[in-house]
Amino acid sequence: MNILMVNKFLGPRGGAERCMLTSGSLLAARGHRVSYFGMEDAGNVVGNESGLYARHRDFHRRGLRGLVNPAALLYSWDARAKMKKIIKAFRPDVVHLHNIHFQLTPSVIDAAFESGVPVVQTVHDTQMLCPSHMMADLASGHACSLCITHGRLSCVRRRCIHGSLAKSLLGAAEGALYARLPQYDRVARYICPSRYMEGLLLRTARFAGKTLVIPNCAALPPIPPGEEKGHYVLYFGRLSAEKGIARLLEIFRLLPDVPLIVAGSGPLEGEVIRCGLPNVRYAGFLQGEALARLIAQAALTLCLPLWRENCPMAVIESMALGTPVLASREGGLPELIEEGVTGMLLDDASAHACARAIGTLFADTEALRTMSRACLKARSRRMTPQRYTDELLGVYRAVL
């Protein structure tokens, strides 16, 4: 089978990208041909034989004048034309979309539809429902669903996208436009990594009958025999506001005797480096065996975001490597973590409450050891690479 994976970034930038790269690798290992389409970007690690990529667009620049052709962030004729050429050359049996909004836009759905190729999409975030894709008020540090309950103008009033009125207007316009246009109806199946995400989509009638839940999986190296646990707590992932990085640093100001290692990259990288906390060490951006070893040796990992996570790869990878997770009881996280067995879930995610919970659990080495064994024992029961690949191929065959 020929499969065309489509995502705006084609490198290991975040959880969506790692999921896409893992999917492609697993499918290729089964003997399927996998090609990729996304933006031109220095961080790309996969591509296509035609050497065609959408023009790079940076949505993080300030104001609309910092954006090249704002209309192209609503609908990219460039991405559509190049994708049609790739489809003609590669002749995919199915197109699998991941994150496409703003940089690629739903124009890529039209490219596949007009070429007669069925489309499936993994729904990594809430972009189709919330213009900022976060469903969170970063200023207050609380989850938010106003765009669903009161309309997308809530995004404009609160300047939810990068604190910018211009970008929030553009985001709201994009959401309103595709609520009326037929592109989302042209996707044959929406793969939701959590029941939480499926429930959000099914609030809108157009997605009824098109969703199914397939949790993400992690293709990880085996744990080195006799691996000893280290004396530290770990956060790894994107260093951005919605991930709760500012609150994370506040928590460890309250825990001067508990070491924290932070691994990852993102806009708040400098905040971590310059935090001045002697118990916080920044390990940089890691991947592969180096990251796996850091995770496996951690006593505990943290997932305390401001938004509601869908099915974060960091939690899956942590537990698969025998490290329990302390997380907020929000979004799809309760679907991944078995309370008191493979980790802990917090109802109160304030800095002081988190500090108390982390301090108590970190000091209880026997509880952590028991949880670690439970994580490893559950590894084969969770979504394995073998089962995940079978599920994907089942979806592809169903839409052909």
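Modeller: Ground rule for the sheets: two strands pair if DSSP finds at least two bridges between them. Helices (H or I, at least four residues) and strands (E, at least two) are DSSP runs, numbered from the N terminus. This is a predicted model, where local features need pLDDT of at least 70 and side-chain atom pairs pLDDT 80 or more, while totals for chains, interfaces and linings use all residues. Numbering starts from 1 along each chain as its sequence is written, and side-chain values use heavy atoms, leaving out hydrogens and water.

Biologist: OK. In what order do strands 9 to 14 sit in their open sheet?

Modeller: The order is 11-10-9-12-13-14, six strands with parallel pairing. Strand 11 (280-284) and strand 14 (343-346) are the edge strands, each pairing on one side only. From one strand to the next, the twist averages 25 degrees.

Biologist: How many bridges join strand 13 to strand 14?

Modeller: Four, and strand 13 (residues 325-328) runs parallel to strand 14. If you want a spot to click on, Ser 328 stands opposite Leu 346 in strand 14.

Biologist: Which strands does helix 10 lie across?

Modeller: Helix 10 lies across strand 9 (233-236) and strand 10 (260-263), and runs at about 145 degrees to strand 9. Angles go from 0 to 180 degrees between N-to-C directions, with axes fitted to C-alpha atoms, for helices over the stretch in contact.

Biologist: Switching to the other open sheet: which strands stand at its edges?

Modeller: That sheet has six strands in the order 2-1-3-4-7-8, again with parallel pairing. Strand 2 (33-37) and strand 8 (211-213) are at the edges with a single partner strand each, so one side of each has no neighbour in the sheet. Direction ignored, neighbouring strands here are turned by 25 degrees against each other on average.

Biologist: And how many bridges pair strand 1 with strand 2?

Modeller: Five, in the parallel sense, with strand 1 covering residues 2-6. Val 6 in that pairing stands opposite Phe 37 in strand 2. Helix 3 (residues 107-114) lies across strand 1, strand 2, strand 3 (94-97) and strand 4 (119-122), and runs at about 170 degrees to strand 3.

Biologist: Now helices. At what angle do helix 1 and helix 15 pack?

Modeller: About 85 degrees, with the axes of helix 1 and helix 15 (residues 385-399) 10 Å apart. The two are therefore roughly perpendicular to each other, a label for 65 to 115 degrees (under 35 is roughly parallel, over 145 roughly antiparallel, the rest oblique).

Biologist: Which residues meet there?

Modeller: From helix 1 you get Cys 19, Ser 23, Leu 26 and Leu 27, and they meet Pro 385, Tyr 388, Thr 389, Leu 392, Leu 393 and Tyr 396 in helix 15. By class, this contact of helix 1 with helix 15 has eight nonpolar, two polar and no charged residues. Contact means heavy atoms within 4.5 Å. For the classes, Ala, Val, Leu, Ile, Met, Phe, Trp, Tyr, Cys and Pro are nonpolar, Asp, Glu, Lys and Arg charged, and the others, Gly among them, polar.

Biologist: How far apart are the axes of helix 13 and helix 14?

Modeller: They are 5 Å apart, with helix 13 (residues 351-363) and helix 14 (residues 365-378) at an angle of about 85 degrees. That makes helix 13 and helix 14 roughly perpendicular too. Leu 361, Phe 362 and Ala 363 in helix 13 meet Thr 365, Ala 367, Leu 368 and Met 371 in helix 14. The classes come to six nonpolar, one polar and no charged residues.

Biologist: What about holes? What volume does the second largest pocket have?

Modeller: About 530 Å³. Its lining has 28 residues, with Arg 18, Gln 287, Gly 288, Leu 291 and Glu 317 nearest the centre. On a 1 Å grid over the protein atoms alone, a pocket is an open set of points with protein on both sides within 12 Å along at least five of seven lines, a cavity is a set where a 1.4 Å probe fits but cannot get out, and lining residues have an atom within 4 Å of a point. Points join across faces, edges and corners, and volume is the space filled by probe spheres set on them.

Biologist: Which helix gives that pocket's lining its largest share?

Modeller: Helix 1, with five residues. Helix 1 (15-29), helix 10 (288-297) and helix 11 (313-320) each supply at least two. The lining divides into 16 nonpolar, eight polar and four charged residues.

Biologist: And how many cavities of 30 Å³ or more are there?

Modeller: Three in the whole structure. The largest holds about 60 Å³, and helix 5 gives the most to its lining, with three residues.
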